[in-house]
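Work through these exercises with the sequence and the model side by side. Try each task before reading its solution.

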Amino acid sequence: DGCGHTVLGPESGTLASINYPRTSPNSTVCEWEIRVKPGQRVQLKFGDFDIDDSDSCHSSYLRVHNGIGPNRTEIGKFCGFDFQMDGLITSKSNEVTVQFMSGIHASGRGFLAAYSTTDKSDLITCLDSASHFSEPEFNKYCPAGCVIPFADISGTIPHGYRDSSSLCMAGVHAGVVSNTLGGQINVVISKGIPYYEGSLANNVTSKVGPLSTSLFTFKTSGCYGTLGMESGVIPDSQITSSSILEWPNQTGQVNIWKPENARLKRAGPPWAALISDEHQWLQIDLNKEKKITGIITTGSTLAEYYYYVSAYRILYSDDAQKWTVYREPGVDKDKIFQGNTEVYQEVRNNFIPPIIARFFRINPLKWHQKIAMKVELLGCQFSIGRAPKITLPPPPPPQNKNDEKNADFIDDFINSVKTSLQTDKTTFTPEIKNTTVTPSVTKDVALAAVLVPVLVMVFTTLILILVCAWHWRNRKKKTEGTYDLPYWDRAGWWKGMKQFLPTKSTEHEETPVRYSSSEISHLRPREVPTMLQTESAEYAQPLVGGIVGTLHQRSTFKPEEGKEASYADLDPYNSPIQEVYHAYAEPLPITGPEYATPIIMDMSSHPSTPLGVPSISTFKAAGNQVPPLVGTCSKLLSRTDSASSAQALYDIPKGQPGPGSADELVYQVPQSLALSTGSKDE
């Protein structure tokens with residue numbers, strides 16, 4: 001009566017004393033007989049050992065024997081509190097007897113141990129967690145029977161499990177190892193997350209867990225994709241059932257809970273059977289053989305109809321005629337899968353080994369109120385590898401009896417090789433997660449390797465052509481115009497012009513520029529843009545008679561350095577000929593100087609004029625201060641050599657004949673400004 005948790009598998013298992021991890025009762029005994037395949041040996045590893053040693057292992061102890069029965073031989077006798085046994089106990093044969101004796105004692109948890117065949121050198125126990133290992137990735141062998149009630153796990157796939165969780169119990173929950181068989185796990189350590197979800201899978205309940213420094217996940221073959229129930233890849237016509245629940249609601253409308261409603265995460269009612277008994281089933285046709293590794297189920301997902309299936313069997317077939325009930329290897333009874341405990345929670349069960357079949361059937365055995373469920377299948381495509389053909393040269397014709405015997409031997413050998421190749425077919429699992437499309441690797445990869453670079457080059461060339469065309473078109477538009485600036489000088493043109501323009505006053509009125517009739521005759525007709533609506537220029541640009549220079553020749557009027565500009569009287573003359581307005585000053589002639597020379601005038605003897613008359617002439621006063629505007633009217637006179645003249649005009653550009661009269665020489669003037677009164681010339 002001293003036996004506790006016990007699972008004895010064909011290659012591995014787990015055993016523990018009664019009441020472990022609590023104190024074992026007094027005067028109890030248990031004996032385990034372990035057998036593995038002939039030719040193999042058994043290795044035993046302790047995860048925890050705490051047996052009272054107050055009487056030197058006389059009444060309380062653990063004893064290990066080689067063999068079973070009266071001919072067994074003792075390997076060792078062990079006792080002690082928190083006894084650390086890091087090594088393995090190895091047998092000399094394929095049979096081992098483990099005996100536990102508990103005498104009179106006050107404390108002691110007992111023990112927990114795991115066993116396996118000696119070819120599993122990386123055996124661990126059900127108590128080992130990820131925090132016991134420092135490697136970022138490692139492989140371990142989990143024994144059978146690690147679903148134990150005294151171990152906890154937190155987390156789920158694919159997010160991962162908390163580092164304090166039992167590695168082997170988490171492996172069962174994730175579906176990578178079987179609790180009945182055990183198996184190899186490939187563990188990867190990662191950075192922890194703040195919150196770990198809980199779920200029910202493979203009869204293991206994981207709990208919600210708090211933040212941890214690290215977590216672990218499992219490397220798998222990747223054959224855990226959905227097979228098409230939720231996505232609709234499996235059509236409605238391939239989902240059938242033994243019966244369908246039909247019933248009218250309060251309004252008289254008939255509700256039909258059809259088998260095609262049994263799609264996981266689909267809104268609405270589920271599939272429900274008309275009669276709730278153990279003969280009902282839900283069948284799914286996958287259209288061809290596939291590798292099925294798991295199933296996820298829920299209840300009705302309707303709060304007002306609290307229906308769900310709590311236990312079921314799985315059957316499969318290749319022709320929908322002969323059905324096979326799923327059983328675990330080495331077990332002679334059907335496997336009963338744990339279903340749902342309420343209507344909303346998703347419960348997952350994995351098939352180890354997986355099912356290879358086309359038709360899949362669920363047979364409910366236990367339910368709540370009525371049989372109702374939604375499902376999704378997990379797995380991947382399945383393909384069979386063909387045996388390679390072996391070609392041998394034909395044997396030469398026999399020359400004697402010995403040669404005939406050799407020829408017969410060769411024929412028998414070839415036939416035996418062919419038979420073994422035909423019977424021992426190998427299967428493999430493509431490592432894919434999206435299982436709705438059969439992968440085609442060689443052709444697709446070769447085609448993609450050619451098409452992708454070609455398409456990239458074509459699209460890159462088109463983009464470059466479009467960008468160049470757009471750039472050329474914009475440049476062409478910018479180069480159009482009567483007096484356009486070179487392309488490299490356009491960016492600073494406006495900034496350069498603004499320094500010659502005073503700030504604009506809202507009280508000033510704009511006056512068009514006027515030209516004399518003699519000047520108009522020298523100009524060619526052209527389309528002139530509208531008058532500049534900007535500030536008045538600091539210096540007026542003089543018009544130059546003669547032939548206009550070539551386009552793009554820059555025209556400017558260079559003022560005297562170090563002095564400020566001022567405004568004088570406006571030109572009172574008006575031309576009877578049609579007015580021509582220019583937004584820009586005319587360029588200097590090719591043979592002329594680059595700048596016109598301004599005249600510095602002595603206005604000390606300038607007679608005052610009546611107020612209110614706008615001024616036209618522009619001059620630069622001596623000194624550093626800007627003279628105030630004078631509200632007088634002063635006629636422009638032709639320049640003479642008389643020293644007695646108190647007024648002066650602009651100098652005539654070099655290379656041009658002087659005007660015959662005052663009427664023939666007219667200068668371009670700035671826009672008129674409202675002049676302040678009471679100012680004096682300096």
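A salt bridge here is a side-chain nitrogen of Lys or Arg within 4 Å of a carboxyl oxygen of Asp or Glu. Keep in mind that this is a predicted model.

**Exercise 1. Apply the salt-bridge cut-off to D334 and R327, then state how exposed each partner is.**

Step 1. Take the N to O distance between the two side chains: 2.7 Å.
Step 2. Compare with the cut-off, which is within 4 Å. D334 and R327 meet in a salt bridge.
Step 3. Check D334. Its relative accessible area is 24%, so D334 is partly exposed.
Step 4. Check R327. At 43%, R327 is partly exposed.

**Exercise 2. Find the network of salt bridges that includes D50, and describe its pair with R109.**

Step 1. List the members. D48, D50, D82 and R109 are joined into one network by salt bridges that share partners.
Step 2. Look at D50 and R109. Their side chains form a salt bridge at 3.7 Å, N to O.
Step 3. Place the two residues. D50 sits in strand β4 (residues 42-50), and R109 in the loop between β8 (95-102) and β9 (110-117). The pair links distant parts of the chain, 59 residues apart.
Step 4. Compare exposure. D50 has 7% relative accessibility and therefore counts as buried. R109, at 25%, is partly exposed.
Step 5. Put the pair in context. The structure holds 17 salt bridges.

**Exercise 3. Which parts of the chain does the salt bridge between D152 and K207 tie together?**

Step 1. Confirm the pair. The closest N and O atoms of D152 and K207 are 3.4 Å apart.
Step 2. Locate the partners. D152 is in the loop between β10 (137-142) and β11 (155-156), and K207 is in the loop between β15 and β16 (214-218), so the salt bridge ties together parts 55 residues apart in sequence.
Step 3. Read the exposure. D152 is partly exposed at 46%. K207 is partly exposed, with a relative accessible area of 46%.

**Exercise 4. Is S178 buried or exposed, and what does its side chain reach?**

Step 1. Place S178. It lies in the loop between α1 (167-174) and β13 (183-191).
Step 2. Apply the threshold. Buried means under 20% relative accessible area. S178 has 5%, so S178 is buried.
Step 3. Follow the side chain. A polar atom of the S178 side chain lies 3.1 Å from the backbone nitrogen of T180. The S178 side chain also reaches the backbone nitrogen of L181, at 3.4 Å.
Step 4. Look beyond sequence neighbours. Leaving out residues up to four places away, S178 touches V172, E328 and I352.

**Exercise 5. Locate the cis peptide bonds that lead into P21 and P353.**

Step 1. Start at Y20. The bond joining Y20 and P21 is cis, with omega about 10°.
Step 2. Place P21: the loop between β2 (12-17) and β3 (28-35).
Step 3. Go to I352. The peptide bond from I352 to P353 is cis, with omega near 0°.
Step 4. Place P353. This proline is in strand β26 (residues 347-368).

**Exercise 6. Compare the settings of N203 and N287.**

Step 1. Read the backbone angles. N203 is not a glycine, yet has a positive phi of about 65°. N287, also not a glycine, has a positive phi of about 80°.
Step 2. Place both. N203 lies in the loop between β14 (200-201) and β15 (204-205), whereas N287 is in strand β22 (residues 282-298).
Step 3. Add the exposure of N203. Its relative accessible area is 53%, so N203 is exposed.

**Exercise 7. What is the strand order of the open sheet of 5 strands, and which strands form its edges?**

Step 1. Write the order: β1-β2-β9-β4-β7, with antiparallel pairing.
Step 2. Find the edges. β1 (3-8) and β7 (89-90) each pair on one side only.
Step 3. Inspect β1 and β2. These antiparallel strands are joined by 4 bridges. T6 stands opposite L15 in β2.

**Exercise 8. Which residues make the nonpolar surface patch of about 730 Å²?**

Step 1. List the residues: L447, V450, L451, V454, L455, V458, F459 and L462.
Step 2. Take L451, which is found in helix α3 (residues 442-479).
Step 3. State its exposure. With a relative accessible area of 41%, L451 is partly exposed.

Terms used. Residues are numbered from 1 along each chain as its sequence is written. This is a predicted model: local features need pLDDT of at least 70, side-chain atom pairs count only at pLDDT 80 or more; totals for chains, interfaces and linings use all residues. Side-chain values use heavy atoms; hydrogens and water are left out. Helices (H or I, at least four residues) and strands (E, at least two) are DSSP runs, numbered from the N terminus. Buried means under 20% relative accessible area, exposed over 50%, partly exposed in between (1.4 Å probe, protein chains only). A polar contact is a pair of N or O atoms within 3.5 Å; within protein, one must be able to donate a hydrogen and the other to accept it, and residues adjacent in sequence count only if both atoms are side-chain atoms. Contact means heavy atoms within 4.5 Å. Patches are made of residues with over 30% relative accessible area and no salt bridge: like charges are joined within 9 Å, nonpolar side chains (Val, Leu, Ile, Met, Phe, Trp, Tyr) within 5 Å. Accessible areas come from the Shrake-Rupley method with a 1.4 Å probe; for residues, only the protein chains shown count as cover. Two strands pair if DSSP finds at least two bridges between them.
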